[in-house]
Amino acid sequence: MQKSARPTLTHTPLNWPLNASQHPQVVSSLWLWGTMLVLTLAWDASGADLNAMAWLGSPQGFALRDHWWLSNVMHTGAKQLGVLIYLGVLTMAVWPLGGWRQLSRSHRVEIVMGITLSLVVITAIKRISLTSCPWDLQAFGGMASYVSHWSWGQADGGNGSCFPGGHASSAFAFIALSLPWLRSMDKDHQRLGRAMTVVIVLTGLVLGLVQTLRGAHYPSHTAWTALFCAATAWANHVVFARWRVRRAFSSGR
């Protein structure tokens with residue numbers, strides 16, 4: 001009976017401080033997300049969220065709120081597709097096929113944990129957030145007053161639980177899927193990881209834009225969702241990477 005192929009993904013151990021020549025993918029990712037953090041903070045400080053929503057809405061509300069394509073396809077349909085993809089990832093983690101057979105069991109567990117934790121983090125923050133959605137504001141026909149999501153503990157008179165963007169997390173949570181490939185020492189794997197990252201980020205931005213057009217979320221909500229998911233995915237990856245190093249060291253003693 002022919003043996004199944006052994007996992008082929010190998011990574012350079014993560015040691016701090018990082019050596020840019022040994023970890024170019026990590027350094028590039030830090031630059032990417034660091035730049036996005038700075039831009040998002042600048043956007044928040046400028047108060048551009050309200051200006052963007054005022055351009056899209058009116059005292060009668062948001063014209064695209066119940067648009068059939070945005071509501072049924074890009075919101076409900078995309079959410080259902082995200083669930084199916086998540087279930088597919090779970091299946092591949094247990095019964096790997098194709099490229100998934102190049103991943104060790106710990107890599108597959110890492111991916112599932114990273115995606116799940118990202119979703120849990122976004123849900124947890126939303127649950128304690130007092131920030132209401134744009135369509136709940138008095139300026140757009142609702143009952144809430146605008147209060148920055150940085151004003152922790154200050155209610156705005158609305159339903160709250162709107163920050164950050166939950167719908168965008170249906171894509172951004174899968175950033176964790178790309179990291180084992182992105183950090184591989186194999187160039188083809190790295191290209192696959194970069195391609196995954198681009199597709200995931202662009203998909204998340206599109207899903208966030210859909211909700212902004214409908215009046216459900218400010219643009220900053222989407223950006224913060226991306227940042228929270230990226231931070232969770234990388235923290236999860238570092239934990240698993242360090243654990244794999246310690247396990248290899250212990251088995252080699």
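Colleague: What makes you call H1 and H2 roughly perpendicular to each other?

Modeller: The axes of helix H1 (residues 24-46) and helix H2 (residues 48-56) cross at roughly 75° and come within 5 Å. Angles under 35 degrees count as roughly parallel, over 145 as roughly antiparallel, 65 to 115 as roughly perpendicular and the rest as oblique, so H1 and H2 are roughly perpendicular. The axes are lines fitted to C-alpha atoms, for helices over the stretch in contact, with angles running from 0 to 180 degrees between N-to-C directions. Helices here are DSSP runs (H or I, at least four residues), as are strands (E, at least two), and both are numbered from the N terminus.

Colleague: And what are we looking at, before I trust any of that?

Modeller: It's a predicted model: local features need pLDDT of at least 70 and side-chain atom pairs count only at pLDDT 80 or more, while totals for chains, interfaces and linings use all residues. Residues are numbered from 1 along each chain as its sequence is written, and side-chain values use heavy atoms, with hydrogens and water left out.

Colleague: Which residues of H1 and H2 meet?

Modeller: Trp-43, Asp-44 and Ser-46 in H1 touch Ala-48, Asp-49 and Ala-52 in H2, where contact means heavy atoms within 4.5 Å. By class, that contact has three nonpolar, one polar and two charged residues. For the classes, Ala, Val, Leu, Ile, Met, Phe, Trp, Tyr, Cys and Pro count as nonpolar, Asp, Glu, Lys and Arg as charged, and the others, Gly among them, as polar.

Colleague: Why is the pair of Trp-150 and Trp-224 called edge-to-face?

Modeller: The structure holds six aromatic pairs, and in this one the rings are 5.4 Å centre to centre with 80° between the planes. Rings of Phe, Tyr and Trp (its six-membered ring) pair if their centres lie within 6.5 Å; planes under 30 degrees apart count as stacked, over 60 as edge-to-face and the rest as tilted. Both tests are therefore met by Trp-150 and Trp-224. Trp-150, Phe-163, Trp-224 and Phe-228 form one aromatic cluster.

Colleague: Are Trp-150 and Trp-224 buried or exposed?

Modeller: The cut-offs are under 20% relative accessible area for buried, over 50% for exposed, and partly exposed in between (1.4 Å probe, protein chains only). Trp-150, at 44%, is partly exposed, whereas Trp-224, at 7%, is buried.

Colleague: How do you know that Arg-65 sits over the ring of Trp-135?

Modeller: Arg-65 lies over the face of Trp-135, at 3.9 Å from the ring centre. The rule asks for NZ of Lys or CZ of Arg within 6 Å of the ring centre and within 35 degrees of the ring normal.

Colleague: What is special about the backbone at Ser-161 and at the bond from Phe-163 to Pro-164?

Modeller: Most residues other than glycine have a negative phi, and most peptide bonds are trans. Ser-161 has a positive phi, near 55°, and the peptide bond from Phe-163 to Pro-164 is cis, with omega near -5°. Ser-161 is in the loop between H4 and H5, and Pro-164 is found in that loop too. With a relative accessible area of 34%, Ser-161 is partly exposed.

Colleague: What makes Phe-240 count as buried?

Modeller: Its relative accessible area is 15%. Phe-240 is in helix H8 and, leaving aside neighbours within four places in sequence, is in contact with Ser-106, Val-109, Glu-110 and Met-113.
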